[in-house]
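Open your viewer, keep the selection box handy, and let's take a walk through this chain together. At each stop you'll hear what to select and what to look for.

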Amino acid sequence: MIKARVTVTLKNGVLDPQGKAIEGALGALGFDGIGQVRQGKVFDLQLETADKAKAEAELKVMCEKLLANTVIENYSISLA
């Protein structure tokens with residue numbers, strides 16, 4: 001069994017209204033010096049295989065088809 005983490009973030013230059021709202025809320029809570037908050041997604045998965053190359057290939061397909069909108073998002077995969 002392989003554990004994986006997929007992190008999905010917006011590409012640079014793509015507006016992030018949720019990140020902007022978080023940035024404003026942090027300022028309203030008294031946290032100074034916070035800027036450029038970007039919001040993302042994290043997926044933790046378990047794959048029933050011992051083959052890391054196969055797992056990484058499957059994860060890339062999952063990201064391309066469902067987990068990330070590759071037009072506006074980047075993704076990274078880490079295996080454990």
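One thing before we set off: this is a predicted model.

**Stop 1: glutamate 73**

Begin by selecting glutamate 73, which is buried, with a relative accessible area of 12%. Colour by secondary structure and you will find glutamate 73 in strand β3. Now show its side chain. Which backbone nitrogen does the side chain of glutamate 73 reach at 2.7 Å? Select asparagine 69 to see the answer: the backbone nitrogen belongs to that residue.

Next, add lysine 41 to the selection. Its side chain forms a salt bridge with glutamate 73, and the closest N and O atoms are 3.4 Å apart. This pair links distant parts of the chain, since glutamate 73 sits in strand β3 and lysine 41 in strand β2, 32 residues apart. The two partners have separate labels for exposure: glutamate 73 is buried at 12%, while lysine 41 is partly exposed, with a relative accessible area of 33%.

To see the surroundings, show the contacts of glutamate 73 beyond its neighbours within four places in sequence: they are Val8, Thr9, Leu10, Lys11, Lys41, Leu67 and Ala68.

**Stop 2: arginine 5 and aspartate 44**

Now select arginine 5 and aspartate 44. Their side chains meet in a salt bridge, with 2.6 Å from N to O. Here too the pair links distant parts of the chain: arginine 5 belongs to strand β1 and aspartate 44 to strand β2, 39 residues apart.

Is aspartate 44 buried or exposed? Turn on the surface and check: aspartate 44 is exposed, with a relative accessible area of 53%. Arginine 5 counts as partly exposed, at 41% relative accessibility.

Stay with aspartate 44 and list what it touches, leaving aside neighbours within four places in sequence: the contacts are Ala4 and Arg5. If you like using the distance tool, try the C-alpha atoms of aspartate 44 and valine 6; they are separated by 6.5 Å, although the two residues are 38 apart along the chain.

**Stop 3: helix α1**

Select residues 17-28, which make up helix α1. Helix α1 has twelve residues and reaches 16 Å from its first C-alpha to its last, close to the 16 Å expected at 1.5 Å a residue.

Within α1, pick out lysine 20 and glutamate 23. They form a salt bridge, the closest N and O atoms being 3.8 Å apart. The two residues are three apart in the helix, about one turn. As a reminder, an α-helix has 3.6 residues a turn, so residues three or four places apart point the same way. Lysine 20 counts as exposed, at 55% relative accessibility.

How many salt bridges does the model hold by this rule? The count comes to three.

Before leaving, step just past the end of α1 and click on glycine 30, which takes a positive phi of about 100°.

**Stop 4: helix α2**

Select residues 52-67 for helix α2. A straight helix of 16 residues would span 22 Å at 1.5 Å a residue, yet α2 spans only 19 Å between its end C-alpha atoms.

Zoom in on the start of α2. There, a side-chain oxygen of aspartate 51 reaches to within 3.1 Å of the backbone nitrogen of alanine 53.

Now colour the buried residues of α2: Ala55, Leu59, Cys63 and Leu67. Look down the axis of α2 and these buried residues fall within an arc of 80°, so they line one face of the helix. Turn to the face directed away from the buried side, and you meet the exposed residues Ala53 and Lys65. What covers the buried residues of α2? The cover includes β1 (2-10), β2 (40-47) and β3 (73-79).

**Stop 5: the nonpolar core**

For the last stop, select Ile2, Ala4, Val6, Val8, Leu47, Ala55, Leu59, Cys63, Leu67 and Ala68. Together these ten residues make up the largest nonpolar core. Strand β1 and helix α2 each supply at least two of its residues.

Finish on alanine 68. Not counting residues up to four places away in sequence, alanine 68 touches Val8, Cys63, Glu73 and Tyr75. One of these contacts, Glu73, takes you back to the residue where the tour began.

How values were computed:
Residues are numbered from 1 along each chain as its sequence is written. This is a predicted model: local features need pLDDT of at least 70, side-chain atom pairs count only at pLDDT 80 or more; totals for chains, interfaces and linings use all residues. Side-chain values use heavy atoms; hydrogens and water are left out. Helices (H or I, at least four residues) and strands (E, at least two) are DSSP runs, numbered from the N terminus. The expected span of a helix is 1.5 Å times one less than its number of residues. Buried means under 20% relative accessible area, exposed over 50%, partly exposed in between (1.4 Å probe, protein chains only). The arc is that of the directions from the helix axis to the C-beta atoms. Contact means heavy atoms within 4.5 Å. A polar contact is a pair of N or O atoms within 3.5 Å; within protein, one must be able to donate a hydrogen and the other to accept it, and residues adjacent in sequence count only if both atoms are side-chain atoms. A salt bridge is a side-chain nitrogen of Lys or Arg within 4 Å of a carboxyl oxygen of Asp or Glu. A nonpolar core is a set of buried Ala, Val, Leu, Ile, Met, Phe, Trp, Tyr and Cys residues joined through side-chain atoms within 4.5 Å.
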